[in-house]
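Q: I have a model open and want to learn how to read its features. Can you walk me through it?

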Amino acid sequence: MNPKDKLPPEKVDKENPVVKKQSDIKSQDEQLARIVTKLSEEDPAMIAEVIKKWLEENKK
């Protein structure tokens, strides 16, 4: 039996950097989504310009 199987989930997360990184990425994604949502409400033209530039970069 793996010794980590006996640990509560919060201990496993601290000892498993992969789980911690996935949690960090999800948190960062959620934060980015909130920022983009706020920007799209405040300045939709700016969001359209950013998307246009991304699309242009993908063509290269």
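**Reading the surface**

A: Let's begin with one residue: leucine 55 counts as exposed because its relative accessibility is 51%. Exposed means over 50% relative accessible area, buried under 20%, and partly exposed in between (1.4 Å probe, protein chains only). This is a predicted model, where local features need pLDDT of at least 70, side-chain atom pairs count only at pLDDT 80 or more, and totals for chains, interfaces and linings use all residues. Residues are numbered from 1 along each chain as its sequence is written, and side-chain values use heavy atoms, leaving out hydrogens and water.

Q: Which helix holds leucine 55?
A: Helices are DSSP runs (H or I, at least four residues), numbered from the N terminus. Leucine 55 sits in H3, residues 44-59. The protein has three helices and zero strands, in the order α-α-α.

Q: Where is confidence lowest, and where highest?
A: pLDDT is the predictor's confidence in each residue, from 0 to 100. Helix H1 (residues 9-15) has the lowest mean, 53, while H3 has the highest, 90. For the protein, the mean is 77, with 67% of residues at 70 or more.

Q: How much of the protein is buried?
A: Just run down the count: 2% of the 60 residues are buried.

Key. Helix = DSSP H or I, 4+ residues; strand = E, 2+ residues; numbered from the N terminus.
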